[in-house]
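Here is a short report on one protein model. Look over the sequence and the fold before reading on.

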Amino acid sequence: MKAIFNREFKSYFTSMIGPVFVAALVLVTGIYFMVYNMSYGYPYFAYTLSASAIVFVLTVPLLTMRSFSEERHSKTDQLLLTSPVSVTQIVLGKFFSMAAVVAIPCVIFCLCPLIIKSTGTAYFLVDYSTILVYFLIGCAYVAIGMLISAMTESVIIAAVGTIITLLLINLSNGLSQYVPNTAIASLIGCLILLVLLCVIVYVMTKSNAATFGLLIGGAAVLIILYVVKPALFEGLVPGMIENIAFAKVMTSFVSDYVFDVKGVVELISICAACIFLTTQVIQKRRWS
């Protein structure tokens, strides 16, 4: 895993991907820092990070789009898949290399609260906690992008798919307000989500039996639950959509000044789940 990590990490800085990623985050966050903290004198750097986190939507796909799709397209992934290294180690090596790139601007951001302190009052606990959450959000986005890259051999599709997915995640908090709260609307929404899950299962397993079994069984369970207790579905889908907005975890730090342990665990769980699913996708291709 260490060899894969070193190879991937170096590749980001022998090309322009790593420098562009770091420069974009530092530039945009630096502009917000100069405006909010230096010009307006706002003492919380956490507010600046919360405003600039949207940049991940465009920068993270730069890191993840080539992680697996390019190697699959050029057939160089066969060298990895036939090596003595396990698939889990391959996936972890690639993930940690991208996480290390995300950590570079976060380390630079650690200087900002010190600069604020030199000019007045600073709140180190809030600011450094927010930097940690900012890094975890970046890692969660990287894990999602890596999973999408593993599911296609097209770099363009991987990049566009990641951008759309991350954009929907960021907009989900607002979009949830336009989703009906009725039980029947939530049932329809759950059925749509079930179909999307079945598509992912089919891409991972290429098994018609498993896919249709999940679809029929899941639909039957949802319909039975709706008939027996429709109250369970009231407001279910809007609540689910609202909860996938990862950036809302920063709200507890920025607005409420509370360390959101549940939110941190959620971000780490998303990373773990996407790493597991990526491993399963690659494992399936290894033996197919």
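Leaving aside its neighbours within four places in sequence, which residues is Leu-49 in contact with?

## Leu-49 and its surroundings

The model is predicted. Beyond the neighbours within four places in sequence, Leu-49 is in contact with six named partners: Thr-29, Phe-109, Thr-130, Ile-131, Tyr-134 and Met-250.

Leu-49 sits in helix H3, which spans residues 45-52. Its relative accessible area is 0%. The cut-off for buried is under 20%, so Leu-49 counts as buried. Gly-30 lies 19 residues away from Leu-49 in sequence. In space, the two are 9.7 Å apart, C-alpha to C-alpha.

## Helix H4

How many of the nine residues of helix H4 are buried? Seven are, so the helix, residues 56-64, is largely enclosed by the rest of the structure.

The buried set has Phe-56 and Val-57. It also includes Thr-59, Val-60 and Pro-61. Leu-63 and Thr-64 complete it.

## The chain as a whole

The protein chain has 15 helices and zero strands. It holds 288 residues, and buried ones make up 41% of them.

Contacts often span long stretches of sequence. Take those between residues at least 6 apart in sequence: 80% join residues at least 24 apart.

What supplies the exposed area of the protein chain? Carbon and sulfur atoms supply 73% of about 14,400 Å².

Terms used. Residues are numbered from 1 along each chain as its sequence is written. This is a predicted model: local features need pLDDT of at least 70, side-chain atom pairs count only at pLDDT 80 or more; totals for chains, interfaces and linings use all residues. Side-chain values use heavy atoms; hydrogens and water are left out. Helices (H or I, at least four residues) and strands (E, at least two) are DSSP runs, numbered from the N terminus. Buried means under 20% relative accessible area, exposed over 50%, partly exposed in between (1.4 Å probe, protein chains only). Contact means heavy atoms within 4.5 Å. Accessible areas come from the Shrake-Rupley method with a 1.4 Å probe; for residues, only the protein chains shown count as cover.
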